[in-house]
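Q: Please take a close look at the sheets in this model and describe how their strands are arranged. Add a short account of how the helices pack.

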Amino acid sequence: MTLEEAKRKIMIELDESGENSALENITDYAVKLPDIFNTVQKELAMFCKPIEKITSITVENGYCLKPVDCYNVKYITKNGERQTFSIVADRIVTNNGEYEMVYEALPQDIDENTDDDYEFEIDVDCQEAMIHGVCAQICINDEPELYQTYFERYNLAIANINDKLNKSSKLSFSGGVYL
């Protein structure tokens, strides 16, 4: 979904709500939208479904800097084998050499200069949840009931995403272990 498509979906959501004050104030919200999008997409990437990236790193003098968009290093490998490392401030500390790093990334910042053709990096399911989260933030001060409706939809969408993620990784045991 592009930023322009997301803005259009928000306008449709607010229009369908039947609450005129939210739409009447949309020009005021247009200034706030980039920050709201930025906050909600990062929240979803960090706490719902991470953006996983792989990159090559070169460690010299015992460390290298984490990528700017990295908020969590999952692991590093050398020749396909996981390696030990530690994180000190913004540095990955390990033996010198070439490695592949798998990490969780924050999406690109959205600000007033972001083009409308910007493609969100977060998962498609998270993009749909983001629409409800942004609508909730738009309505938080002017329309408390509408805020509550969108916030509940946002939380439900997050719960559905988490359920889907958890279902794919559950183990099932039948019987038991006797000691």
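A: The sheets come before the helices in what follows. The model is predicted, so local features need pLDDT of at least 70 and side-chain atom pairs count only at pLDDT 80 or more, while totals for chains, interfaces and linings use all residues. Residues are numbered from 1 along each chain as its sequence is written, and side-chain values use heavy atoms, with hydrogens and water left out.

Consider the sheet with four strands. This open sheet has the order β1-β7-β3-β4, and the pairing is antiparallel (strands are DSSP runs of E with at least two residues, helices are runs of H or I with at least four, and both are numbered from the N terminus; two strands pair if DSSP finds at least two bridges between them). β1 (51–59) and β4 are the edge strands, and each has a single partner, so one side of each is left without a neighbour in the sheet. From one strand to the next, the twist averages 35° (axes are lines fitted to C-alpha atoms, for helices over the stretch in contact, and angles between N-to-C directions run from 0 to 180 degrees).

Go through this sheet in order, starting at β1. The antiparallel pairing of β1 with β7 has nine bridges. Within this part of the sheet, Ser-56 stands opposite Glu-100 of β7. On to the next pair: strand β7 (residues 97–105) is joined to strand β3 (residues 70–78) by six bridges, and these two run antiparallel. Asn-72 has Glu-104 in β7 as its bridge partner. The pairing of β3 with strand β4 (residues 81–83) is antiparallel too, with three bridges. Here Lys-78 is opposite Glu-81, a residue of β4. β3 and β4 form a hairpin with two residues between the strands, and Asn-79 in this hairpin takes a positive phi near 55°.

Now take the sheet with three strands. It is open, its order is β2-β6-β5, and its pairing is antiparallel. The edges are β2 (63–65) and β5 (86–88), each of which pairs on one side only. On average, neighbouring strands of this sheet are turned by 30° against each other, direction ignored. Three bridges hold the antiparallel pairing of β2 with strand β6 (residues 91–93). One of the residues involved is Tyr-63, whose bridge partner in β6 is Val-93.

The helices remain, and α4 takes part in both of the packings described here. Helix α1 (residues 3–16) and helix α4 (residues 124–139) have axes that come within 10 Å and cross at roughly 60°. α1 and α4 are therefore oblique to each other (angles under 35 degrees count as roughly parallel, over 145 as roughly antiparallel, 65 to 115 as roughly perpendicular and the rest as oblique). From α1, the contact uses Ala-6, Lys-9, Ile-10, Glu-13 and Leu-14, and the residues from α4 include Met-130, Ile-131, Val-134 and Ile-138 (contact means heavy atoms within 4.5 Å).

Helix α4 also packs with helix α5 (residues 144–167), at an angle of about 160° and with the axes 8 Å apart. That angle makes α4 roughly antiparallel to α5. On the α4 side of this contact are, among others, Asp-125, Cys-126, Ala-129 and Gly-133. The α5 side includes Pro-144, Leu-146, Tyr-147, Tyr-150, Phe-151 and Ile-161. His-132 of α4 belongs to the contact with α1 and also to the contact with α5. Cys-135 and Cys-139 of α4 likewise appear in the contact with α1 and in the contact with α5.

One more detail concerns α1. Glu-4 and Arg-8 both lie in this helix, four residues apart, which is about one turn of the helix. Their side chains meet in a salt bridge, at 3.8 Å from N to O (a side-chain nitrogen of Lys or Arg within 4 Å of a carboxyl oxygen of Asp or Glu). The structure holds ten salt bridges.
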